Amino acid sequence: MADHRFGDVASVRDELKEVEYLADEGIASVVFLADRLQKPILVEGPAGTGKTQLAKSVAEMTGSRLIRLQCYEGLDEAKALYEWNYKKQLLRIQAEKASDDGSTDWDQLHDDLFSDEFLMTRPLLEAIRAEDPVVLLIDEIDRVEVETEALLLEILSDYQVSIPELGTMEARQIPLVFLTSNNTRELSEALKRRCLFLHIDYPQMDREKEIVLTKVPGISENLADQVARIVRSIRQIELKKAPSVSETLDWARTLVLLGIESIDADQARETLHILLKYQTDIEKAAKELAVEAR
Amino acid sequence: MLDLMSGFIVELRNAGLPVSLTENLDAMEAVKHIPIEDRSAFKYALGATLVKNASHWRAFETVFEVYFSMRGPQYRLPDDDQLSEDELERWMQQQMEGMRDRSGGAGDDMSPEELAEMLYRALMRGDEAMTRAMARAAVGKYAGMEPGRPVGGTYYLYRTLRNLDLDSLLEKLMDETEAQAPAPLTDLERRLEREEFESRIDHLKQEIEAEIRRRLVADRGVEAMAKTLRKPLPEDVDFMHASREEMVAIRKAIQPLTRKLAARLARKRRNKRRGPLDFRSTVRASLSYGGVPADPRFRYPRPHKPELIVVADISGSVAAFARFTLHLVYALQGQFSKVRSFVFIDGIDEVTHMFRGQEDITKAVHRVNTEADVVWVDGHSDYGHAFEVFWDNWSREINPKSTVIFLGDARNNYHSTNSWVLKEAAKKARHVFWLNPEPRSYWDTGDSVISEYGTYCDGVFECRNLRQLESFVDHLA
């Protein structure tokens, strides 16, 4: 097939870094492999660790168009794959009647009605039919029902869509596909089997520090270091919801805006509500941070 | 390579990971694209194709370490990392020689003080390569490994760690940092510094473990080693025999599990059955079809939510199990219209109020264990007495809407069983279930009277691990 997008693992990592996404070894390897094996990536992990951002960044890095399908309960093929534009079809039939008393060949009309002209493409079909390079992002796949998952299987394994009236449409080029999941339910075996699996967890302290440094303009090295350390410390406490990377970034931005150069315990406590979203969590963390180290 | 891979995959399956044939083929395809010399990329490539569940990653990692990192020299290429490490070791050797010369001591190894000093410096600087070298030296010195000796890796680990005395090392590191700091450290800074050192020490422990594993593999061969390292996956760990580490793993696993269960139960309720016709909505929808009611709308059914009464044995033998079950039940509180819980050993006490308004379930469970008044005579399980008191005080609470769940191993210490309580309860309640954390083969042995109680229950379930607990809760709602 088409030549590969990436040379080796290291280059994936470097190129991602250029678009301000700091990938660790695992992420870079899996993205590289997905391109080589032409398989979709199933990205799983806690909320706010950059799952969706990964797809966006890969799109930016390869200069592809990002096509996004946001999943929700009740999503069906009319919204995910394709739909016939029945209003236009009705108009077509009526126009036919008006012009010459319905004398046209029915077969002819039938072929006309189910042609490209009346097909409304939805994200999945659009990704298949695209001429230019695309990245397909299927976001929060765990929100759809198990039955709807089956819709995706054909496109994920063979990169094709079968439309009864038109036949099978094959992909003009193989898109990079990302599926994200927050793991609110177990995905079906059939889906998992077709994908490469990537678990993105909260980053190591060093990586988090680098992320803060790249993403927050005007932050000092020292402050970024402190931020990363405090966040790591908070994540070790047992909380309802541990702070995510995006919350860390929000917090770092706030600190920069407030003109804080180095955090002390009081300032940390006062701004905790940016990092944590539950009152009980905030209280617990405030207490933990204030106490003398064990 | 093919042999190696297939051995690796067989071992993964033995460890309980569900690896399908296509995944196997994918892995083979994947390794064509990634050179085995790039160790970590290679590992992630295999992981991405073979492991499809984050909680299985640990098991995968262990097997991978055994199979790939410790293979003989034919797989180890002298990459930069390796070289610098070797150099470092050589350098250390020289250093030590120098030291030895100075002290004029004999012996062909470092003295414990020297080792401790080097280790201290490595940790202080957070130098990874040096830490690794030190881990090696420490294992060589303290573990006292002998070829062919049939002891597990944990034994060597324990010996090494005991000799290193990492706790006092941590104190020393902290003192040193405090002394070096320009201004006295605030509490926050002190905490952060301490955590930094703790994570470095953890890193050291991992290195030591890896080193021990490497040596054991060299001694015993891959297959034998993989077998001894095999551990059950978190969802298969037996509650009753879980180690402290495994307990932590279960605790971590239970959080996403409750979220998952809650989502599934809510979804099931909503989709289960259509309710009666919703007239207003149907008429409104008909307007877009020119008044023809082509699209009938239905009301959502009012979901039936069961009332739960949980009666749990919290005597020593089954405490862990009861704790997890309470944990799960309360995390799912929204799925039940009312939850009441009772705990007993030989006396019985209601603990519902301890969960009420308490957002932190762990804390609530702790309160249950410390505050509940459950000892009547001697603190040995007496199901009969506990049930009798339960009946006298709380039998009015049981109504046709409630489901009563008993948790315990039904080991009654040969007291009277009072199984009439269950018989009466079964008459009044919607369902009576019993969850037993013992393996089925132990039931009715010794003082276990499970089948006597079981005759009055709608179901008696073996519930030894998270997987079984999950399927029960799913069944319940």
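**Exercise 1. In which sense do strand β1 (residues 41-44) of chain A and β8(A) pair, parallel or antiparallel, and over how many bridges?** Then place β8(A) in its sheet.

*Solution.* The model is predicted.

Step 1. Take the pair itself. β1(A) and β8(A) run in the parallel sense and share four bridges. Val43(A) has Thr180(A) as its bridge partner in β8(A).

Step 2. Look at the second partner. Strand β5 (residues 134-139) of chain A is parallel to β8(A), and four bridges join them. Here Leu137(A) stands opposite Phe178(A).

Step 3. Extend the sheet. β2(A) joins β5(A) through six bridges, again in parallel. Arg65(A) stands opposite Val134(A) in β5(A).

Step 4. Write the order. The open sheet has five strands, β2-β5-β8-β1-β9 in chain A, with parallel pairing. Its edge strands are β2 (65-70) and β9 (196-199), each of which pairs on one side only. From one strand to the next, the twist averages 20 degrees.

**Exercise 2. How many of the six residues of strand β8 (residues 176-181) of chain A are buried?** Sort them by face.

*Solution.*

Step 1. Count. Six of six residues are buried, and the strand is mostly covered.

Step 2. Split by side. One face holds Leu176(A), Phe178(A) and Thr180(A). The other holds Val177(A), Leu179(A) and Ser181(A).

Step 3. Conclude. Both faces of β8(A) are covered.

**Exercise 3. Check the length of helix α2 (residues 25-37) of chain A, then describe its surroundings.**

*Solution.*

Step 1. Compute the expected span. The 13 residues, at 1.5 Å a residue, should cover 18 Å. The rule multiplies 1.5 Å by one less than the number of residues.

Step 2. Compare. The end C-alpha atoms of α2(A) lie 18 Å apart, so the model agrees with the expected span.

Step 3. List the buried positions. These are Ile27(A), Ala28(A), Ser29(A), Val30(A), Val31(A), Phe32(A), Leu33(A) and Ala34(A).

Step 4. Step past the end. Gln38(A) follows α2(A) and has a positive phi, near 55 degrees.

Step 5. Turn to the chain contact. It takes 31 residues from chain A and 36 residues from chain B. Several elements of chain A each supply at least two residues to its side, among them α2, β9 and α11 (221-236). The largest share of that side, seven residues, comes from α2(A).

**Exercise 4. Which residues have the most contacts inside the largest nonpolar core?** Say which helix gives that core its largest share.

*Solution.*

Step 1. Name the residues. The core has 98 residues, and those with the most contacts inside it are Val30(A), Ile41(A), Leu196(A), Leu198(A) and Val63(B).

Step 2. Find the main contributor. Helix α7 (residues 128-143) of chain B gives the largest share, eight residues.

Step 3. Inspect one member. Leaving out residues up to four places away in sequence, Val63(B) touches Phe8(B), Glu11(B), Leu12(B), Ala15(B) and Ala226(B).

Step 4. Look for another core. A second, separate one has 60 residues, including Ala322(B), Phe390(B), Val421(B) and Cys463(B).

**Exercise 5. What is the strand order of the open six-stranded sheet of chain B?** Add its edges and the helix across it.

*Solution.*

Step 1. Set the context. Chain B has 20 helices and six strands. Of its 477 residues, 33% count as buried.

Step 2. Give the order. It is β3-β2-β1-β4-β5-β6, with mixed pairing.

Step 3. Mark the edges. β3 (348-350) and β6 (459-462) of chain B each have a single partner strand, so one side of each lacks a neighbour in the sheet. Direction ignored, neighbouring strands are turned by 20 degrees on average.

Step 4. Examine one edge. Strand β2 (residues 338-344) of chain B pairs with β3(B) in the antiparallel sense, over three bridges. Phe342(B) has Glu350(B) as its bridge partner.

Step 5. Add the helix. α14 (residues 319-331) of chain B lies across β1, β2, β4 and β5 of chain B, at about 165 degrees to β1(B).

**Exercise 6. Which residues of helix α20 (residues 466-476) of chain B are buried?** Decide how they sit around the axis.

*Solution.*

Step 1. Pick them out. They are Leu466(B), Leu469(B), Glu470(B) and Val473(B).

Step 2. Use the arc. These residues cover only 100 degrees around the axis, so they fall on the same side of α20(B).

Step 3. Check the other side. There, Ser471(B) and His475(B) are exposed.

Key. Residues are numbered from 1 along each chain as its sequence is written. Chains are lettered from A and ligands numbered from 1 in the order in which they are written. This is a predicted model: local features need pLDDT of at least 70, side-chain atom pairs count only at pLDDT 80 or more; totals for chains, interfaces and linings use all residues. A residue is buried if 20 or more other C-beta atoms lie within 10 Å of its own, exposed if 12 or fewer, and partly exposed in between; C-beta atoms are placed from the backbone. Two strands pair if DSSP finds at least two bridges between them. Axes are lines fitted to C-alpha atoms, for helices over the stretch in contact, and angles run from 0 to 180 degrees between N-to-C directions. The arc is that of the directions from the helix axis to the C-beta atoms. A nonpolar core is a set of buried Ala, Val, Leu, Ile, Met, Phe, Trp, Tyr and Cys residues joined through C-beta atoms within 7 Å. Two residues are in contact if their C-beta atoms, placed from the backbone, lie within 7 Å.
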